[in-house]
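Biologist: I should like to learn how to read this structure step by step. May we begin with the idea of a contact?

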Amino acid sequence: MRCSTCAVTFPSFEFSGDTDMATDGFVAATSMDTDAVALGVATVEEYRAGYSSGQHLFAARVRQKLDLNMVAIDFVRYEDHRPSSPGRSFQLFQESYRPPEAIYACPICGGDAHVEQKLTPEVFRDAGGQLILVDGLTLRST
Ligand SMILES: [Zn+2]
């Protein structure tokens, strides 16, 4: 991800599964020191805190446990890039359609951070990224 205000780049992790239920209860935190992401399973306390607060609690937990500067990346909003001009043909609409873009908060300045690239865990690791698995989590590639 890249911040559009201060231009800092940082990694984040998106869990994927067949349903929302399949990814429910997993938490991720981003290292501000190295190209690393920590992944874990929410504790009861983290889970009950709700998604965003739970991520922050998890970040604090791995900060202590691993002595790394981990932060939670907050989701801000979806930005809709759909053309809104009326009277356009459906074909034009289809050609110019892009799905809504998820905007996150920059952990440094609070500005809008955009996803620059989506990588598989393998590609992220090959590029020098580190996935720190805690709570006995294992990754299964699809
Ligand atoms: Zn920033």
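Modeller: Two residues are in contact if their C-beta atoms, placed from the backbone, lie within 7 Å. The model before us is predicted. Among its contacts between residues at least 6 apart in sequence, 56% join residues at least 24 apart.

Biologist: How many helices and strands does the protein chain have?

Modeller: The protein chain has 5 helices and 8 strands. Along the sequence they follow the pattern β-α-β-β-α-α-β-β-α-β-β-α-β. The C-alpha atoms fill a box of roughly 55 × 35 × 35 Å along the principal axes.

Biologist: In what order do the strands of the open sheet lie?

Modeller: The order of this sheet of 4 strands is β4-β2-β3-β8, and the pairing is mixed. At its edges are β4 (70-71) and β8 (130-133), each of which pairs on one side only. The strands β3 and β8 run parallel and are joined by 4 bridges. Within this part of the sheet, Ala 38 stands opposite Ile 132 of β8.

Biologist: Which strands does α3 touch as it packs on the sheet?

Modeller: Helix α3 touches β2, β3, β4 and β8, and its direction makes about 60 degrees with that of β2.

Biologist: Which residues touch the most other members of the largest nonpolar core?

Modeller: That core has 20 residues, and those touching the most other members are Ala 28, Ala 29, Val 37, Ala 38, Phe 58, Ala 59 and Val 62. At least two core residues come from each of β2 (26-31), β3 (36-41) and α3 (51-66). For the whole protein chain of 142 residues, 21% count as buried.

Biologist: Let us take one residue of the core. Which residues is Val 62 in contact with, leaving aside its neighbours within four places in sequence?

Modeller: With those neighbours set aside, Val 62 is in contact with Ala 29, Ala 38, Gly 40, Leu 68, Met 70 and Val 134.

Biologist: Now consider a residue in a loop. Is Asp 18 buried or exposed?

Modeller: A residue is exposed if 12 or fewer other C-beta atoms lie within 10 Å of its own. Asp 18 has 8 such atoms within 10 Å, and therefore counts as exposed. Asp 18 belongs to the loop between β1 (2-3) and α1 (20-23).

Biologist: How far apart in space are Asp 18 and Tyr 47?

Modeller: From C-alpha to C-alpha, Asp 18 and Tyr 47 are 20 Å apart in space, while in sequence they are 29 residues apart.

Note on methods:
Residues are numbered from 1 along each chain as its sequence is written. This is a predicted model: local features need pLDDT of at least 70, side-chain atom pairs count only at pLDDT 80 or more; totals for chains, interfaces and linings use all residues. A nonpolar core is a set of buried Ala, Val, Leu, Ile, Met, Phe, Trp, Tyr and Cys residues joined through C-beta atoms within 7 Å. Two strands pair if DSSP finds at least two bridges between them. Axes are lines fitted to C-alpha atoms, for helices over the stretch in contact, and angles run from 0 to 180 degrees between N-to-C directions.
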